[in-house]
Each structure stands twice: as C-alpha cells, then as structure tokens.
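Here are my notes on the model, set out point by point. Please read them with the structure open.

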Amino acid sequence: MWLLRLAWALAVLGITAGSSPGPSPGSSPTVPLLDKASIFADLSPAELRAVRTFLMSRPELGLSPSRGGPLAKNTLFLVELLPPKKRLALRYLDEGGPRPRRQARAVIFFGGQAEPNVTEFAVGPLPQPSSYRPLRFKGGRAIPFDARPMTQLEYELLHHTLVKAMEPLYRLLRDSTGFWYHNCSQRCLTFSDIAPRGLAPGERRTWMVLQRFVEGFFLHPVGLEVLVDHRDPDPGRWAVQQLWYNGQYFSSPQELARRYEEGTLAVAHLTEPPSQQLFSSYEPRGRFTTDTPTEVHGAKVCEPQGRRYRLRGNQLEYGGWSLAFRLRSSAGLQLFDLRFNGERVAYEVSVQEAIAFYGGHTPAAMQTKYMDAGWGMGSVTYELARGIDCPEVATYLDAHHLYDADGPVRFSRAICIFELPTGVPIRRHFDSDFQGGFHFYAGLEGHALVLRTTSTVYNYDYIWDFLLYPNGVMEAKVHATGFIHATFYTPQGRRYGSRVHSHVLGNLHTHLVHYKVDLDIAGTGNSFETMDVRFENISNPWSPGAREGVGDGSFPLPWHPRVGLLPAPSNGPDPAPIPHRYHLAVTRHHENEPSSSSIYAQNDPWEPLVSFEGFLRDNETIEDQDLVAWVTVGFLHVPHAEDIPNTATPGNAVGFFLRPFNFFDEDPSVASRSPVIVRPLDPPTFSQLEIQRWTPASPGPCVAPEPFAYNGTYRQE
C-alpha cells in the first residue's frame with residue numbers, strides 16, 4: 001500500500017494493490033531506461049519548429065503570424081507534446097511493445113472566419129510531421145472562440161483602446177497621481193486585467209485596474225478601474241462600458257472628466273513616489289536590532305564529493321528513485337513512470353491548475369477568480385537565479401515554449417535539480433544507559449532530491465517542488481510568493497482585506513492548487529481505502545474489573561483534542577470548473593480525462609469544456625481498477641502589512657506526501673551508505689569509541705562557486 005497524506009489534514013488515505021498483479025512493472029531488458037523516458041520528453045526546439053512549419057504550409061488552415069496584424073485571423077497559439085495514451089506507453093515500457101508515435105498538440109485560433117472557433121490538433125509523426133487530425137474534448141463539445149486565452153496582440157490592442165479612452169482624463173490623472181496614460185514617457189500608467197471576463201458565456205468584458213508604472217506597480221493602484229468590452233473581432237468596435245473611481249461608478253470617461261472639472265468629484269490625491277527605497281521595492285531599509293551581519297553570505301548548499309543523482313535527458317535517478325519529467329507549457333511540471341527500486345509507484349504525478357478566488361469592494365476585486373492554466377501557467381517559467389532560487393551547485397535546465405509566439409522561445413535555467421540537506425535526520429536514536437552514558441547512537445543524515453521550477457503569473461510567483469526522500473517518500477509542494485493582488489483602498493474595502501499601505505488594500509483570497517496522482521501500485525489494478533481510527537473500551541485482561549480506553553474520562557488528557565474537517569460537498573451545481581470542493585477525489589482512469597482543467601476554463605468558467613464533476617458522476621466502481629487520485633491543497637490568505645513588498649514563502653506553502661505503508665519489509669533507506677553509528681568500547685569510562693560509517697570521515701571543503709550572474713531574457717531563437 002502507498003499512503004497519500006495531505007500536508008494540512010489529519011487524514012490517512014491509501015491506494016492498495018489489487019488482487020490481480022496486472023502487467024509486470026519491470027523494464028524490458030532490450031530498451032534502456034533513457035530511451036524509455038524520452039517518450040515523455042518535451043518537444044525539442046527543432047520539433048517545435050517542424051510542427052509550426054508544417055502547419056503554416058497547409059493552405060486549408062490559412063495561418064498567419066501571431067504577432068502584429070489584425071485580431072481577426074487564423075493563428076497557431078500553442079504547440080507542446082501530446083503524451084502517448086497510457087495503455088500504449090505501458091505496453092512499450094513493460095511488455096516490449098512498439099514505441100508510441102511521437103506527436104504534438106497544436107492549438108489554433110480560427111479568428112479569420114465567419115464563425116470563429118478554437119480547434120486542437122494532434123500533429124505527427126515527429127520529428128517530421130506529415131499529418132494532423134482534430135482532438136476532441138470529452139462529450140465532443142467545440143471550443144468557443146470567446147473561451148480562448150489572451151494573446152500579446154489582444155493586450156496591445158487593449159492598450160491602444162485605453163490610450164484613446166483615457167485622453168479625457170488626462171488632467172484628473174495628472175493632478176491626482178502625477179502620472180497619466182496617453183502621451184507619457186517616464187510617468188506612465190499601466191494596467192492589470194481581471195478574469196473571468198464577464199458574467200456569462202460568450203462575454204469578453206474585462207475590468208482593468210490602472211496603476212502607476214513604477215517598480216512593483218501591482219501595489220500602486222490609482223483608484224481608477226475601467227470595464228472594456230473587447231468581444232468583437234474588430235478592435236475599432238471595442239468600448240469602455242463603465243468606470244469606477246474612488247468608490248463611485250461612471251458610465252463614460254467623459255462623465256468622470258466632467259465631474260472633475262465641475263469640482264463635484266471626490267478626488268484621491270496620491271503622494272509622489274520616492275526615487276529610492278520605494279515601499280514596493282526590494283532595496284534594503286531599516287536595521288535589525290541585534291545588528292548581526294547580513295552583508296556577508298549565509299549558509300550554502302555544497303556537494304563536496306560530487307553529485308549523488310544522475311540526469312540523462314529527462315530521466316532522473318536518485319537513490320531508489322527513477323522518473324521521467326517534462327515541463328508542459330499549458331500547466332507546468334509533470335512526472336511520469338515514477339519508480340522506487342524498479343517498481344512503479346505512479347504512472348503520472350502532475351500539476352493541473354492553480355486558482356485564487358478574491359473578495360473585494362471594487363468591481364475588479366469582486367470579479368477576480370484567477371485560474372492560472374488560462375494564463376499559460378507552464379509557459380511563464382523565467383530564469384532561476386543561482387544561489388537564491390536554487391543553490392549554486394544545482395543542475396539548471398533550459399525550457400523551450402511555443403506559446404503565443406512565432407517560434408520556440410528559450411527560457412534559460414527554467415528548471416533546477418539539486419540535493420537538499422534537510423537539516424533534520426531521516427531517523428536517529430540515542431540509546432541511553434540511564435547512568436550518564438549510552439549503549440549506542442545512530443543516525444542517518446537527512447537529504448532529499450528537489451526538482452523545481454517557478455511560474456510567474458503576472459503578480460504571483462509559484463515555486464513548484466517535487467522532493468524525493470531516500471525512505472520512499474515523495475513530497476509535492478508549492479510556495480506562493482510575489483506581489484499580492486491589490487486594489488485601491490476605500491473604507492468600505494476593509495471588510496474584504498487589510499490596508500497594507502496608505503492607498504492600498506490587500507484583498508482577501510483563497511489559493512487552491514490541484515494535482516493529478518495516477519498511482520499504479522504493483523500494477524494498474526488498485527483499490528481505494530481509508531483507515532479510520534476509533535476509541536475502544538475493553539476489559540483489562542490482566543486486571544479483572546478494570547477497563548481500558550480513551551473517551552470515557554478514565555485517562556484525562558491535559559489538553560482537549562479537536563479535529564476539524566471541511567463540510568461535505570452540497571448537491572448544488574459547482575460554480576467552478578476544478579474540484580475545489582474536494583480535498584481528495586478518486587476516479588477510474590480514462591484516456592479522455594487526461595486533466596481536470598483546461599486553458600479555456602479562465603475565460604469560460606460557466607460552461608467549462610472540462611467538467612470535473614462529470615468525472616465523478618460516472619458512478620463507476622473503483623475496486624481493483626486503474627485509479628487516479630485528484631488532490632486539492634490550498635490556504636486562505638488574509639493579506640497583511642508584512643506582505644509588503646512581497647508575500648514571503650514561510651507559512652505560505654502547501655502540498656502532500658506519498659508514503660509507503662507496508663509496501664516494503666523495512667525502511668528502504670537502510671540501503672543508504674550515509675548513516676553513522678557510534679558505540680562505546682569501554683563503558684562505563686567511555687574513553688574509546690567505535691565510529692562506524694560508510695562515507696569518508698570528512699566531507700571536505702565546499703568549492704567556492706563562480707560569481708553571481710543573471711541574464712533573465714527569454715527570446716525566440
């Protein structure tokens with residue numbers, strides 16, 4: 001059995017091996033693991049270019065470049081690996097079957113036709129594609145054009161719409177903020193857009209929060225929010241429908257400007273931002289009262305005798321662990337064929353979605369329900385800084401995305417891999433003789449291998465980790481950091497957040513992150529079990545008449561234990577397209593249910609193309625079947641002054657563990673050669689000790705790393 005333990009819940013949940021062994025999880029001796037892992041590898045730049053070139057050459061598709069030109073055109077939006085069907089992959093991995101065809105998933109926006117739509121295609125075979133076929137969502141529904149993610153071109157057109165619309169407000173903005181929107185150079189306003197974009201399917205109306213364009217502009221709202229209808233394929237027909245300024249609604253920029261000129265407007269005057277030590281910047285300010293040094297380097301991770309993990313292509317090995325991984329542009333990290341000591345634990349463990357539901361008094365705040373797969377969560381994997389985002393000694397890997405671009409874009413150092421000293425032993429024991437000495441001491445130093453990337457989805461930065469421990473435990477974890485999503489402070493807004501600066505309200509919100517865990521324990525025939533522990537009163541067999549137990553007051557505790565669980569889900573319709581209602585849901589594996597969300601959920605959450613509730617309504621047996629666990633973790637974020645300039649990672653991390661439960665005969669970390677055992681040779685004097693270890697007596701000095709360097713660019717090659 002393998003346990004799935006949620007990091008924030010007192011729950012023990014297990015998926016057990018079925019009665020039938022199923023296919024052997026062993027490896028075919030004729031195919032190296034490296035070659036096997038490559039069926040899950042991301043598309044190379046050459047493959048991405050080949051897919052784009054092939055599709056652009058098809059006259060029936062009528063494709064145009066993504067950048068520039070009109071909005072009403074056919075464009076290639078996304079190209080990424082289309083993973084093989086599980087049954088075909090397992091046949092290849094376990095039975096020596098044929099290698100699955102390598103294919104790409106291509107998303108095309110057909111905006112240049114009478115009835116615009118979005119269509120997904122399977123393109124192959126790679127590396128030289130020669131055919132394509134449409135992909136269908138479960139139920140065969142077409143993808144509405146209004147559900148498509150935003151593009152850089154649409155943002156540029158929105159900017160031009162705002163430039164024209166904000167002209168009447170030049171004096172108001174200049175006088176109240178010192179910044180303005182049109183014909184600006186150094187004192188410009190910018191905007192952050194909100195989603196969903198409307199209140200019903202088919203709408204594309206976006207509230208935009210205007211901010212001063214300074215470092216950390218997310219924390220500099222000026223009190224103006226603008227609603228733009230941009231559904232029409234002709235940007236000339238886009239229009240400002242409403243404005244909100246300092247607590248009041250207006251029907252047009254002209255009305256707001258007129259009220260200002262008449263002197264009947266409640267104006268919010270903002271102070272001039274300082275040129276240095278701006279509150280939204282990272283520049284040091286203030287002093288710690290202890291005056292302990294911070295101007296020197298702190299502790300560092302080092303590998304005094306070299307790396308203890310092996311990376312070959314997308315195949316990663318560490319201790320008993322082996323896995324294949326990829327970084328998909330649509331949603332982020334995805335692990336495949338996760339094994340311990342050669343036995344498959346999971347076929348897939350992957351990030352599915354990250355959402356944040358907000359409350360607020362301003363229209364933008366009350367409308368905000370971010371679903372980050374719709375913002376290219378897996379494609380915004382910018383460069384990791386050596387020594388800060390990951391240790392200097394980490395292995396850094398580039399990523400290539402073709403997402404709203406006219407070719408592959410290289411993201412340098414988007415992934416890092418490193419062994420982390422956890423600072424706590426995996427296990428240890430001091431065996432006291434209770435006379436001032438000991439019989440032995442033994443301990444195993446704590447380490448874990450970390451696979452990491454980040455997603456900077458506009459204001460928020462998510463740090464995604466998978467950790468592999470030598471005792472067969474895997475941890476999935478995400479840290480939230482970056483800038484809070486802030487709106488303009490009004491007294492009415494205090495009900496929905498905290499005043500974190502003079503004119504800034506940090507809005508209350510809930511973070512929810514969803515994972516797919518396709519466990520295959522000793523084959524695909526698994527069952528789902530829960531372990532429920534109850535108190536029991538029994539007669540004491542060695543003292544007749546006495547009773548043993550807890551709960552009847554016979555053994556009072558110094559504290560009163562209480563366990564709180566979330567309420568059971570209601571029977572009403574689910575307003576969101578991901579399973580935020582459920583800590584854990586278990587379904588049977590189906591090839592047409594590869595993910596719980598989609599890149600279209602953000603802009604059409606009312607009629608989602610992927611309905612997780614539909615996964616559950618199948619009402620199928622989950623006994624001795626190929627099962628998938630869907631895990632939701634999250635936390636409530638009540639912003640506070642300490643979120644300035646950024647939300648800090650301590651206290652803002654959630655995740656879950658996979659733990660073996662009677663799967664091994666003993667703790668598998670006994671295979672590690674890193675323990676230390678100390679035994680006294682001459683008790684009770686303890687002047688001679690036997691120190692037993694299987695690693696060098698001294699780790700040696702850490703090698704000084706190269707000076708810090710950072711590039712930060714991500715460009716089409």
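1. Start with a single residue. Thr190 sits in strand β9, which spans residues 189-193. The model is predicted, and the values below are computed from it. Is Thr190 buried or exposed? Its relative accessibility is 17%, so Thr190 counts as buried; the cut-off for that class is under 20%. Setting aside neighbours within four places in sequence, Thr190 is in contact with Tyr181, Val209, Leu210, Gln211, Phe213 and Phe217.

2. Now the overall picture. The protein has 717 residues, and 52% of them count as buried. Its secondary structure comes to eight helices and 39 strands. Take the contacts between residues at least 6 apart in sequence: 64% of these join residues at least 24 apart. The accessible surface is about 33900 Å². Carbon and sulfur atoms account for 53% of that surface.

3. The largest nonpolar core deserves a look. It has 111 residues. Which residues have the most contacts inside it? They are Met166, Leu224, Trp464, Met474 and Tyr515. Strand β18 (residues 343-358) gives the largest share of this core, seven residues. Where does the core lie with respect to domain 2 and domain 3? Domain 2 (152-262) and domain 3 (309-529 + 553-671) both contribute residues, so the core lies between them.

4. Leu224 is one of the residues with the most contacts inside that core. Without its neighbours within four places in sequence, the contacts of Leu224 are Met166, Leu169, Leu173, Met208, Val209, Leu210, Leu243, Trp244, Tyr245 and Leu256. Val209 and Leu210 also appear among the contacts of Thr190. Apart from the largest core lies another core, of 20 residues. Its members include Phe109, Val118, Tyr582 and Val610.

5. Back to strand β18, where Ser350 is placed. Ser350 has 0% relative accessibility, so it counts as buried. Not counting residues up to four places away in sequence, Ser350 touches Arg328, Leu333, Gln334, His514, Tyr515 and Lys516. One of these, Tyr515, is among the residues with the most contacts inside the largest core. What separates the C-alpha atoms of Ser350 and Phe466? The separation is 9.7 Å, while the two residues are 116 residues apart along the chain.

6. Next, charge pairs. Side chains of opposite charge can pair when their charged atoms come close. How many salt bridges does the structure hold? There are 38. One of them joins Arg105 and Glu80, with the closest N and O atoms 2.7 Å apart. The partners come from distant parts of the chain, 25 residues apart: Arg105 is in strand β5 (residues 103-110) and Glu80 in strand β4 (residues 74-82). Arg105 counts as buried because its relative accessibility is 13%. Glu80 is buried too, at 6%.

7. Strand β18 also takes part in a salt bridge. Arg344 pairs with Asp94, the closest N and O atoms being 2.9 Å apart. This pair links distant parts of the chain, 250 residues apart: Arg344 in strand β18 and Asp94 in helix α3 (residues 86-95). Arg344 is buried, with a relative accessible area of 5%. Asp94 is buried as well, at 13%.

8. Compare a pair with accessible partners. Asp175 and Arg174 meet through their side chains in a salt bridge, at 2.9 Å from N to O. Are these two buried or partly exposed? Asp175 is partly exposed, with a relative accessible area of 30%. Arg174 counts as partly exposed at 33%.

9. There is also a network. Which residues does it link? Salt bridges connect Lys86, Asp518, Asp520 and Asp626.

10. Last, the surface. Leu508, Leu636 and Val638 form a nonpolar patch there. Together they have about 240 Å² of accessible area. Val638 is found in the loop between β35 (627-637) and β36 (653-660). With 42% relative accessibility, Val638 counts as partly exposed.

Terms used:
Residues are numbered from 1 along each chain as its sequence is written. This is a predicted model: local features need pLDDT of at least 70, side-chain atom pairs count only at pLDDT 80 or more; totals for chains, interfaces and linings use all residues. Side-chain values use heavy atoms; hydrogens and water are left out. A nonpolar core is a set of buried Ala, Val, Leu, Ile, Met, Phe, Trp, Tyr and Cys residues joined through side-chain atoms within 4.5 Å. Buried means under 20% relative accessible area, exposed over 50%, partly exposed in between (1.4 Å probe, protein chains only). Helices (H or I, at least four residues) and strands (E, at least two) are DSSP runs, numbered from the N terminus. Domain bounds come from an automatic or database domain assignment. Contact means heavy atoms within 4.5 Å. Patches are made of residues with over 30% relative accessible area and no salt bridge: like charges are joined within 9 Å, nonpolar side chains (Val, Leu, Ile, Met, Phe, Trp, Tyr) within 5 Å. Accessible areas come from the Shrake-Rupley method with a 1.4 Å probe; for residues, only the protein chains shown count as cover. A salt bridge is a side-chain nitrogen of Lys or Arg within 4 Å of a carboxyl oxygen of Asp or Glu.
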